[in-house]
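Okay, thanks for making time, everyone. I've got one structure to walk you through, so let me put it up on the screen.

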Amino acid sequence: MPKRTLNDIPVLPLRGRVMFPGTNASVDVGRLISLNAVKKATDGDSYILLVAQRDAEKEQVDSFGELYAVGTVCRIRQISRLPGSTIRLTVEGLFRAIIVREGIVGEIACCDVAEIVPDNRDDELVEAYFRTAKDIMSDICQGESRISKEAAAALDRCSDPDEFVNIAAANLKIGVVPKQELLEKERVIDRLKQLDKILNDELEIMRLERKINALVRQNIDKNQKEYYLREQLRAIHTELGDDESEKEELERKINEKGMPEEVREKALKELSRMDKMQTSSPDYNVLRMYLDWLLDLPWSETTEDNKDLDAAVKILNEDHYGLEKIKERVTEYLAVHRITGGLNAPILCFVGPPGVGKTSIATSIARCLGRKFVRMSLGGVKDESEIRGHRKTYIGAMPGRIIAGIKNAGTSNPVFLLDEIDKLSSDLRGDPASALLEVLDPAQNSTFRDRYLEVPYDLSKVLFITTANGLDTIPRPLLDRMEIIEINGYTQEEKREIAKRYLVSKRAKLNGIEEGKLVITDDALDEIINGYTMEAGVRNLERSIDSICRKAAVKLASGKVKKMRVTARTVEGLLGARRFDRDSFIQKDEVGAATGLAWTAVGGTTLTIEVSAMHGKGEVLLTGKLGDVMKESARAAISYIRSNSEEYGIDQNAFETTDIHIHVPEGATPKDGPSAGITMATAILSAFTGKPVRSSVAMTGEITLRGKVLPIGGLKEKALAAYRVGVTDVIIPADNKKDLEEIPKSVRERLNFIPVTEVDTVFKTAIIGI
Ligand code: ADP
């Protein structure tokens, strides 16, 4: 169809909404500029351009600049009068149009428009995105009343991707800005990509809402039920003339609970105080809740430790693939624990990037010992009272999270995981780290005092385990109490095995897929690992597998297919376009760009450093994600090259007449800034000499002013990153040679490590023609 154009079409500015083609809408019109536009339209052929105002609050429209440039040409179907001078229009959206000539804005605004015609609807990628969008949309429609039945049916019927975007956008409860973006995007693929993102967000929000609603309902139900039952009980007792019963019952429970004597006395004392109060008084409830806490806490309940070490080893192997060294250390720990009964044992701290199995190992330890397991995340805990509780005189007071965790465990000797101990922060509201220290200190924790409980609680039988992403933010005294066990990232093969043996079946089961109904082939797993995740652990891998399982579950449930097999070729249809390109890091040999290896909080990663040298006054410009330490090593690198310029064939004067621009695009800031030193030096020398850097080389090492290469940290993670992106040669400081042992054999076999002591060797290896 040729592109439609319309001249001198009247404009109806919309406030806070966006009109889409393929939908009908009613619009109330009251402003003079709009009434005039409607009149002009109905005097002619009833075409009118509906376009959103940039500022919905603005009453008056004075120029086209206040409107978006893209709107929808509509036909007016019906007009009805409302009280006052307002009218209600029913309009039908016809096509998207861009304003190509703006008229004068006065009592009416008119303009010329041209249709926006979508391109290549038949593309395969478009089809893939379209299918995903339809799938998610139908999930949203099924679970949600926010989209009308008619709209849901229209969406289901729709077979044209461009129309689908229009109808979906018109019916989603999202803001004007994202809607307008959807309206403006010209290419179908771009529109679908954006819609996909919005739909995924919607789905997430929907899930959250559902969860919150369920929680609220549960809470209300529980409170109401308790209140109702208690009142009934009271009424029965009054009827029967045995009014003392609540007190008696509590007293019996307190005596039977097996509390330490001090606690029992305290409980009885509070009970007799409570007994003297009116049941309607707030203090009565405070005391009642307090007694419930004392009664609910496990004072004497413990589980018997499973002492069979062989069984423990079996469980650790059952739950985890690989991680041999870690399992060994955990087994040793359990053996010592068995002998000492946990006395004075150090606290295990698993350190590593997200998704490498820290939490999962801790859960297994609980399973090995036959203990209950509780977990508390310390991420963002700022307030001491989150750990130690609030005094019960404080409104809404509760015990801290340690005591709450113990109550949930139901035994006084659970395995208690303190997650993300490195994310603990402190501010004016006290120092949670020192409260935690008390919790973890065997000299003090047998009489841990929670402010709410007021009586001591014995935490000495609890087996505490902690996790962290990195060690540098953990307060020293805490660090001293812990035995650090590092878990590094996985190789591609390890990830594939973990997925095959654990993640796929776990996720399939959670999504209600029967065994054997879903097969994900090895190359499909490789495709997911390489194309959709870039991580040290397997968290995103698990998420992607979950996403595939969700889609498979819908397909299987619909009965259209009996069994599903996901191959490398079908992954894209299920997960959308590839997010990472293996080759995007290393293209061809380039001048002024070198690949470094960095060690960040989320594992190892590659770091491309770009340098350009241009005519100027000898200035050095540093941009991108450069920490202070990195800036210093950049300066050291420049100084070294400058003092040895003759050797590399650079004219001394060049430095005075050249500006150097160093840029580190994207990527996380490395934990060990100086290790980018030799990479920067290489990129700088390449830029100065115009000789390219080999793209097959990655490097890491600190540089000194005299051109020595100093050792760095995190070699294993860095090597895994190099291996992931597919470089072949890795330059490392000679002093790090001893760390090579830690690197998995499969990685060592594929990478050629080149130990160096002088940056000069780096240049000769990495730069072509030096
Ligand atoms: P972390 O606590 O380190 O962030 P998790 O323990 O939450 O990581 O692990 C993420 C997911 O990956 C979990 O489902 C876990 O069971 C799985 N996982 C991680 N490592 C392994 C492994 N070696 N073998 C089997 N599953 C693993």
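I'll start with the overall picture, then go through contacts, cavities and one helix. Keep in mind that this is a predicted model.

So, the overview. We've got 770 residues here, and buried ones make up 48% of them. On the secondary-structure side, the protein has 26 helices and 24 strands. If you lay the C-alpha trace along its principal axes, it spans about 90 × 90 × 55 Å.

Okay, aromatics. How many aromatic pairs does a search of the whole structure find? Six. The pair I'd like you to look at is W299 with Y457, which is tilted, with 5.0 Å centre to centre and 50° between the planes. Now look at where the two partners come from. W299 is in the loop between α9 (282-296) and α10 (309-319), while Y457 is in strand β11 (residues 456-457), so this pair ties together parts that are 158 residues apart in sequence. And are these two buried or exposed? W299 has 9% relative accessibility, so it counts as buried. Y457 is at 1%, and counts as buried as well.

While we're on rings, there are a couple of lysines to point out. K392 lies over the face of Y290, 4.3 Å from the ring centre. Then there's K407, whose charged end sits over the ring of W293, 4.3 Å from the centre of that ring.

K392 turns up again when we get to salt bridges. It's part of a network of them, where K266, E270, R273, K392 and E454 are linked. So K392 is over the face of Y290 and also in that network.

Across the whole structure, the search finds 50 salt bridges. Don't worry, I'm not going through the full set. As a general reminder, side chains of opposite charge can pair when their charged atoms come close. Let me take some examples that link elements.

Up at the start of the chain, D8 forms a salt bridge with K40, with the closest N and O atoms 3.2 Å apart. D8 is in strand β1 (residues 5-14) and K40 is in helix α1 (residues 32-43), so the bridge ties together parts 32 residues apart in sequence. How exposed are the partners? D8 is partly exposed at 38% relative accessibility, and K40 is partly exposed too, with a relative accessible area of 30%.

Next one: K506 and E542, whose side chains meet in a salt bridge at 3.3 Å, N to O. Here we have helix α17 (residues 492-510) on the K506 side and helix α19 (residues 539-558) on the E542 side, so parts 36 residues apart in sequence are tied together. The burial is mixed in this bridge: K506 is partly exposed, with a relative accessible area of 42%, whereas E542 is buried, at 16%.

And one more, E656 with R642, at 2.7 Å, N to O. E656 belongs to helix α22 (residues 654-657) and R642 to helix α21 (residues 628-643), so this pair ties together parts that are 14 residues apart in sequence. E656 is partly exposed, with a relative accessible area of 43%, and R642 is partly exposed at 34%.

Right, cavities. The count comes to four cavities of 30 Å³ or more, and the largest holds about 90 Å³ of space. What lines that largest cavity? The lining is D305, N306, K307, D308, L309, A312, L334, H337, R338, C368 and L369. By class, that's five nonpolar, two polar and four charged residues. Three helices, α10, α11 (324-340) and α12 (358-369), each supply at least two lining residues. Of the contributors, α11 gives the most, with three residues.

Last stop, helix α24 (residues 715-725). How many of the 11 residues of this helix are buried? 11 of the 11, so the helix is largely enclosed by the rest of the structure. If you read along the buried residues, you'll find charged side chains in there too, among them K716, E717, K718 and R724. Just after α24 comes G726, which takes a positive phi of about 90°.

That's my tour. Happy to go back to any of these on the screen.

Technical notes. Residues are numbered from 1 along each chain as its sequence is written. This is a predicted model: local features need pLDDT of at least 70, side-chain atom pairs count only at pLDDT 80 or more; totals for chains, interfaces and linings use all residues. Side-chain values use heavy atoms; hydrogens and water are left out. Rings of Phe, Tyr and Trp (its six-membered ring) pair if their centres lie within 6.5 Å; planes under 30 degrees apart count as stacked, over 60 as edge-to-face and the rest as tilted. Helices (H or I, at least four residues) and strands (E, at least two) are DSSP runs, numbered from the N terminus. Buried means under 20% relative accessible area, exposed over 50%, partly exposed in between (1.4 Å probe, protein chains only). A charge sits over a ring if NZ of Lys or CZ of Arg is within 6 Å of the ring centre and within 35 degrees of the ring normal. A salt bridge is a side-chain nitrogen of Lys or Arg within 4 Å of a carboxyl oxygen of Asp or Glu. On a 1 Å grid over the protein atoms alone, a cavity is a set of points where a 1.4 Å probe fits but cannot get out, and a pocket is an open set with protein on both sides within 12 Å along at least five of seven lines; lining residues have an atom within 4 Å of a point. Grid points are joined across faces, edges and corners, and a volume is the space filled by probe spheres set on the points.
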